[in-house]
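Good morning, and thank you for making time for this short presentation. Please look at the sequence and the structure as they appear, and I shall then take you through a few of their parts.

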Amino acid sequence: MAGVNSRAASVVFENVTKIYGRDVVAVNDVSLRIEPGKLVTLLGPSGCGKTTTLRMIAGLEMASKGRILIGDKDVTTLPATDRDVSMVFQSYALFPHMTVLENVSYGLKFSGYSKSETRDRAMAGLSLVGLDGYGGRLPSELSGGQQQRVAVARALVLEPEVLLFDEPLSNLDAKLRRHVREEIREIQQNLGLTVVYVTHDQEEALAVSDEIVVMKNAAIAQIGPPRALYDAPADTFVADFIGEANLIACEIVSVTGDVAEVAVTGVRHSLPARGLKPGPATLALRPSRIRIVEAGGLAATVEKVTYVGPRMEYTFAGDFGQVFAVSDNVDTPYRAGDGVMIGLAASGPVLVPDA
Amino acid sequence: MRQTTTEKTTHPALIFWIVAGWVGFVLLPWYGVEDFWFMEWLTDGWPLDTDYAPALFLLLQGEKPWLWPVLPALAAPLLVMRRPKTDPLYAQILLAAGGFGFAWLIAQGLGIGIRGWNAGWLEALFGPLGDRQYGMGYGALIVASAFLFLFTQGIAARGAINGDVFVTGAIGGVIAVVTIFVFFPIAKMLLAAFVTEEGGHSVVVFLSKFFDDRIWGLGCLSGARCGVAWNSLFLAVLVGVLSTALGLVFALVLTRSGFRFKRSLRAITVLPIITPPFVIGLAIILLFGLSGTVTTWVADLVGMRPTRWVYGLPGVLIAQLLAFTPIAFLVLIGVVEGVSPSMEEAAQTLRASRWQTFRTVSLPLMRPGLANAFLLGFIESMADFGNPLVLGGNFDVLSTEIFFAIVGAQYDQGRAAILAIVLLAFTLAAFYLQRFWLGRKSYTTVTGKGDAGVHPEMPRGLAIPVYAVAAIWGAFTIVIYGMILYGSVVQLWGVDNTLTFKHYITAFAVRIEDGGIRWTGSAWDSFWTTMMIATVAAPLTAAIGLITAYLLTRQDFAGKRSFEFGTMLSFAIPGTVIGVSYILAFNIPPIEITGTGLILVISFIFRNMPVGVRAGIASMSQLDRSLDESSLTLGANSWQTFRRVILPLLRPAILAALVYSFVRAMTAISAVIFLVSARYDMATSYIIGRVENNDYGLAIAYSTALIFVMLAAVGLLQLMVGRTRIGRRMSHEQGGG
């Protein structure tokens, strides 16, 4: 019985630029290294170049400048057909005139396997995604989630060096999304695959990735593991894009060692300096990290109160501007108009340079 | 495994074309051989007889020394067979050998004619040749193709289009055939318009012929006759406008009314497509001619002498409207259905009344369809040959004038060329005007996405006149077809109305004797020729059309827009012009195919190709591009993707292209009338001949038979191509996201 194995390889971009037409820069001078066996997410708002980057790995777009390596091989000029990469499309792109089994066998036919081996491998692929016995159906006879799994199986059975996902969950409903994303992660870890995954949903990215590449305006804004990106965003864009942040203007008064003395509307606070110099800076505050304190915080009034079931959502306003906060305390909520003090905890607020 | 594919040094496509090149050079007769496929030449002196000799044997006998340079060009590609594709030499050698070989073949073809050198300066340069050229044969054809595709493989190896051999080859192939069979003849025709009686070229001659009063005269304003150009233009505009309006009427009845017999309405409006165009002209003569039913009836009623009023503009107009309204309908039904119901529903929720919705939303969104329908009606009317010939009377139009300039007593190729140029100028101008008017909108109306809404019904003020017009026109169509059927079984129309099958018997009699069937009817010859040519032309037309559509929708390459324009150009070229230009271009070497069946097949391919292209583009743009891309990332190359993913999903388009080209090949007359020969007579030209001899009974009987044959053929094709198994839901979901 043939199984599905991994031949995971690394992906390297060396100063890759993609220009459409004469002067539309879709990807600008991107360099990055994806380790074998890791799941890396390309995350960013629409039009940031993440899908173009993915398609350049696949060979569906050709880099205008720079080199792309898969494993140790330079694939910059190789078309998709000749690259050892498979892709799961946003629309799944199942061939509607072929059965599920024919779809899954499709790529195997061009890989020089015998008829029986093709069949065995396709069946193994289907059972890996839990679709034994569905081989004879047409894609139109499957639900959205099942179609998605066929698309995954079809890509997996080729044992590609790199497996690509282009927004694979965007056509699924919310409940199914969590389930499928866990399945993808599980298969990836069990088989040790190199996966590059495109999404614009930061929660999805945080949940599945070993590493996240945040992209903005055709360039990389930050690369790092989920935790690092969330806790130590490189700039205000990353801070706001990942997990939403309140951005408050502040002044770094002095830096001693790697501790900075920060002043926000007269209130002083000490934080990790993160290499910043004295001068104006921005403080990023996560809504869930905002605590109300008795004294020594920023004076504010409660502007809006919203009850959303599991928690309360508040908008506080003060001299520093507005902040958005959530609180698990639904039993004794504040009321609009109340005066409160917002505390700056030792960990939680993060200094980011002005973008 | 897949990684190995990039470094391999065996290239099946390369080896195939190298071998083909050598076969064409060493084995096949270099020059054209009559009845090649009977293979008599094999036993008739081949390979040494110079009539049948392959190029190599010609050279060895000291003949045609200008073919020597072909040899090194064929030999050079052998050097690269064991080299990897990435080797720069691979691309360079293929480019040089293929390019030089192809260019040399063209140069020798154009430079050397039936009387030696074609141009004075060549003779001055090289001295008299003392030899002549014949029409190129299969050997030359294969060698030229080999050079062309070696050249495109060289381009691919240089990295164009991701090094895709199939795509570069397809682009090169399409460009080559369109150039040879569309642009080359048109250029020849333009040149012919400048030829003086002594054989030189002169602009003065061109101008004097061009501004001839017979073409541009405005006499009709003062009671005399107008020039043919004005006649044609006036008629074509009328037909374009009226057929569009009528087509819209039927499309509205079908999509936006509670009309109950929609299926039969569809059938009635589609029937004329499988009718040879001039048959309707015949039926009109039977109704309104001098001894026509209606004419005599009205004359008896009013007590006047019957007149020949229908001959001239009225008759041609009615006949063309009957013939071309269904085409307008077919164009408009797609567009009218394609207007997204949710747009109309949105307008209604924004407080627009039904009439306002129709006027402000539905109608503007139908604009591309209206423009297309008008353009089709205009071009068809300009090019129509049968109806003006049958019904024109003293009302001369360009297409018939061209015909009489070529075949009549005057035999004036220059005049025919001039008239053809005028005709072409009109249709191209219409083509441009349409594009200008639409801007880039025409591509965006049909998105292929599912839409849950329902089209609103027509506003009442519109519905009543629409119903009335549709009912009258529908009834008229039924009467016309009744006349055709009835006319075919009447002894002699208007004189002796007894029923008889004698016309069918004259045309289609068979005798069984000596254990075989003898086709003794007078129509069988042209019938079998037509069937054979239509059967050969239809699949080729569909193939070229679909490959072109694939290149246009799925590939990006430099010069794609001019490529598209070039392939669509033959759509704006009336059949009459194709006919004339083919006679001018292909009567002499290097391509000497007039009088053969081949020229008929080729003319059909390039006449009908744009329809295949359009059908292909329409359905391919409904296939999500990610289908191809996923096939590519799964390791299939572009040819495998085309064959296994695109083609199976394109069955409806293939069917449409096959049916259309088959039917057109059986009903076309305008180009055919110039290209038929005694040996290859087509059904339509045979029928026209009968009409000219006033043998209406036989003509109508033959036409009726053709209609039934086409019905059967369309049904058969539908069975053969089969249906695609696609769940409806799936094809909707692909559009999403």
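Let me begin with one pair of residues: A:Ile212 has A:Gly224, in strand 10 of chain A, as its bridge partner. I should say at once that this is a predicted model. Strand 9 and strand 10 of chain A run antiparallel, and five bridges join them. The two strands form a hairpin with two residues between them, and there A:Asn217 takes a positive phi near 45 degrees.

Where does this hairpin belong in the sheet of chain A? The sheet is open and has six strands, in the order 6-7-8-3-9-10, with mixed pairing. Its edges are strand 6, residues 85-88, and strand 10, residues 219-224, each of which pairs on one side only. From one strand to the next, the twist averages 20 degrees. As a general point, strands of a sheet pair through backbone hydrogen bonds, either parallel or antiparallel.

For a parallel pair, please turn to strand 3, residues 39-43, and strand 8, residues 195-199, of chain A, which are joined by five bridges. Within this pair, A:Val40 is matched with A:Val196 of strand 8. Helix 1 of chain A, residues 50-58, packs on the sheet and touches strands 3, 6, 7, 8 and 9. The direction of helix 1 makes about 150 degrees with that of strand 7.

Still in chain A, I would draw attention to A:Leu191, which lies in helix 5, residues 174-191. Is A:Leu191 buried or exposed? The residue is partly exposed, because 19 other C-beta atoms lie within 10 Å, while a buried residue would have 20 or more. Leaving aside neighbours within four places in sequence, A:Leu191 is in contact with A:Val4 and A:Ser6. A:Leu156 is 35 residues from A:Leu191 along the chain, and their C-alpha atoms are separated by 9.9 Å.

Finally, let us move to chain B. Helix 26, residues 597-620, and helix 29, residues 651-667, pack with their axes 9 Å apart and at an angle of about 160 degrees. The two helices of chain B are therefore roughly antiparallel, and their crossing is right-handed. Among the residues that make the contact are B:Phe604, B:Val611 and B:Ala615 of helix 26, and B:Ala656, B:Tyr660 and B:Arg664 of helix 29. By character, the residues of this contact divide into nine nonpolar, five polar and one charged.

That concludes my presentation, and I thank you for your attention.

Technical notes. Residues numbered from 1 in each chain as written. Chains lettered and ligands numbered in written order. Predicted model: local features only at pLDDT ≥ 70, side-chain atom pairs only at ≥ 80, totals over all residues. Pairing = 2+ DSSP bridges. Helix = DSSP H or I, 4+ residues; strand = E, 2+ residues; numbered from the N terminus. Axes fitted to C-alpha atoms, helices over the stretch in contact; angles between N-to-C directions. Contact = placed C-beta atoms within 7 Å. Parallel < 35°, antiparallel > 145°, perpendicular 65-115°, else oblique. Left-handed = near helix turned anticlockwise from the far one by under 90°. Nonpolar A, V, L, I, M, F, W, Y, C, P; charged D, E, K, R; others polar. Buried ≥ 20, exposed ≤ 12 C-beta atoms within 10 Å, placed from the backbone.
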